[in-house]
Amino acid sequence: KQRNMNEDKSIIQSRLLTQARYSFTVHEKRIIYKLMEVAQAELEGRKLDGKIEIQKNLFNDRIITLGLSELVPDGLEATRSEIKKAFRKLLEKVIEINHPDGGWEMHHYIHSAKHNPKLMKYEIKITADIWEAYLDFTRGYSVYFLNTAMSFSSTYTMRLYEMLANNVKPITYTIEYLRDIFMVQKKYNNTKDFIKWVIASPINEINEKSEIKVGYDFVKTGRKITAVTFYVFNKEQSPIEEFKAVRYRQNKGALGLINIHVIDCLKGWFEFNDREILANAELIYKAQNKYSYDALIDQLSKCKTYTPKARNKKAYVINSIKRYLAD
């Protein structure tokens, strides 16, 4: 379910953190999100929620105190042991920040963490250096909604949302770059698997839960996919106008707006290729938008019974979708 964006808090995040190399669990990311909220409130001179406290010591380190409810969004669950494990991992991990001149720096995300079981409070200490990195906007920044980011079930979704949320122009990332900053160089060796789990599934979740809609297209070197171009639109746009805008900018970007499971069904059940799906993409997108991708897949599954008898099974499927839309 899409969240009410009027009730959500916007977060401005330093691009140093957005583009840094790291691999987090969902609970680790939620801790970092709360720290970003606290850092921004301090920068703006804004009072924090009564459940969150911040103090500064003589070395300009920050000590932040917050409750379990601050780390677990409404409707989501996490045990105390899972939260403890997330803090332990953050203590072990190092953030690596690369600079344009070839220099780099490394920091621990947090300096220490304590838990008071009687008060159900967590105390987090952040060194002055990493606190400054949280607030360093000199090389740009990204803007996203805190509660939306906290609601995502995948860390890949969280990171892509941070990277794409306020992009008004198409943006291209190489596969190599994405593998590097997500730190999955040794995972998903097959590019198809990488795209499915790190690109396609997260984009579906972003499109379902956030204020934006994302389409994407692949850049190839020969037959090899070497980069991905993302197109970002606000959901206030008419879905069909949004679709046409993608096609206008780059025709194949329209494929990124069709649910990956719908595409898999069209290819696996009826032997459609990308070109044939693209030729009928607006029709498929309309059906997906009018009902849901699950309902569309149910409709496609019904076609499986009849297509063996059809003279042209692909034409039969397309006509079936047209009838489905007309109902």
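User: In this predicted model, which residue of S11 does Tyr-173 stand opposite, and how should I read such a pairing?

Analyst: Strands of a sheet pair through backbone hydrogen bonds, either parallel or antiparallel. In this structure Tyr-173 stands opposite Val-228 in S11, and the two strands concerned, S9 and S11, pair in the antiparallel sense over four bridges.

User: Where do the side chains of S9 point, and which of them are buried?

Analyst: In a regular strand the side chains alternate between the two faces of the sheet. Along S9, Ile-171 and Tyr-173 point to one face and are buried, while Thr-172 and Thr-174 point to the other face and are not buried.

User: In what order do the strands of the sheet that holds S9 follow one another?

Analyst: The sheet is open and has three strands in the order S9-S11-S10, with antiparallel pairing. Its edge strands are S9 and S10, each of which pairs on one side only, and neighbouring strands are turned by 25° against each other on average, direction ignored. S10 and S11 run antiparallel and are joined by 10 bridges; within that pairing, Thr-221 has Lys-224 of S11 as its bridge partner.

User: What is the order of the four strands in the other open sheet?

Analyst: The order there is S2-S3-S7-S6, and the pairing is again described as antiparallel. Strand S2 (53-56) and strand S6 (112-116) form the edges, each pairing on one side only, and the twist from one strand to the next averages 15°. S6 pairs with strand S7 (residues 121-126) in the antiparallel sense over five bridges, and His-115 has Tyr-122 in S7 as its bridge partner.

User: Which strands does helix H2 touch as it packs on the sheet?

Analyst: Helix H2 (residues 26-44) touches S2, strand S3 (62-67) and S7, and the direction of H2 makes about 120° with that of S3. Helix H4 (residues 80-92), for its part, lies across S6 and S7 and runs at about 5° to S7.

User: Is Lys-56 buried or exposed, and what surrounds this residue?

Analyst: Lys-56 counts as exposed because its relative accessible area is 51%, and the cut-off for that class is over 50%. The residue lies in strand S2 and, with residues up to four places away in sequence not counted, touches Glu-42, Asp-61 and Arg-62. Sequence separation and distance in space should be read together here: Lys-56 and Ile-126 are 70 residues apart in sequence and 9.7 Å apart in space, C-alpha to C-alpha.

User: Why does Ser-320 count as buried, and what does its side chain contact?

Analyst: Ser-320 has a relative accessibility of 5% and therefore counts as buried, the cut-off being under 20%. This serine is found in helix H15 (residues 313-326). Its side chain makes a polar contact with the side chain of Gln-299 at 3.2 Å, and, leaving out residues up to four places away in sequence, Ser-320 touches Gln-299 and Cys-303.

User: How many residues of helix H7 are buried?

Analyst: In helix H7 (residues 155-164), 10 of the 10 residues are buried, so the helix is largely enclosed by the rest of the structure. The buried residues of H7 include Arg-159 and Glu-162 as well as Leu-160 and Leu-164. At the start of H7, a side-chain oxygen of Ser-154 reaches to within 3.1 Å of the backbone nitrogen of Tyr-156.

User: Which residues of the largest nonpolar core touch the most other members?

Analyst: That core has 37 residues, and the ones touching the most other members are Phe-194, Ile-203 and Phe-230. Among the elements that each supply at least two residues are H2, H7, strand S9 (171-174), helix H9 (191-209) and strand S11 (224-234), and H9 gives the most, with seven residues. Leaving aside neighbours within four places in sequence, Ile-203 is in contact with Leu-160, Leu-164, Val-214, Tyr-216 and Phe-230. Apart from this core lies another, of 25 residues, among them Ile-52, Val-72, Phe-87 and Ile-124.

User: How many helices and strands does the chain have, and what do the totals say?

Analyst: The chain has 15 helices and 11 strands, and 47% of its 327 residues count as buried. Among contacts between residues at least 6 apart in sequence, 64% join residues at least 24 apart. The accessible surface comes to about 17000 Å², of which 50% belongs to carbon and sulfur atoms.

Technical notes:
Residues are numbered from 1 along each chain as its sequence is written. This is a predicted model: local features need pLDDT of at least 70, side-chain atom pairs count only at pLDDT 80 or more; totals for chains, interfaces and linings use all residues. Side-chain values use heavy atoms; hydrogens and water are left out. Two strands pair if DSSP finds at least two bridges between them. Axes are lines fitted to C-alpha atoms, for helices over the stretch in contact, and angles run from 0 to 180 degrees between N-to-C directions. Contact means heavy atoms within 4.5 Å. Buried means under 20% relative accessible area, exposed over 50%, partly exposed in between (1.4 Å probe, protein chains only). A polar contact is a pair of N or O atoms within 3.5 Å; within protein, one must be able to donate a hydrogen and the other to accept it, and residues adjacent in sequence count only if both atoms are side-chain atoms. Accessible areas come from the Shrake-Rupley method with a 1.4 Å probe; for residues, only the protein chains shown count as cover. A nonpolar core is a set of buried Ala, Val, Leu, Ile, Met, Phe, Trp, Tyr and Cys residues joined through side-chain atoms within 4.5 Å.
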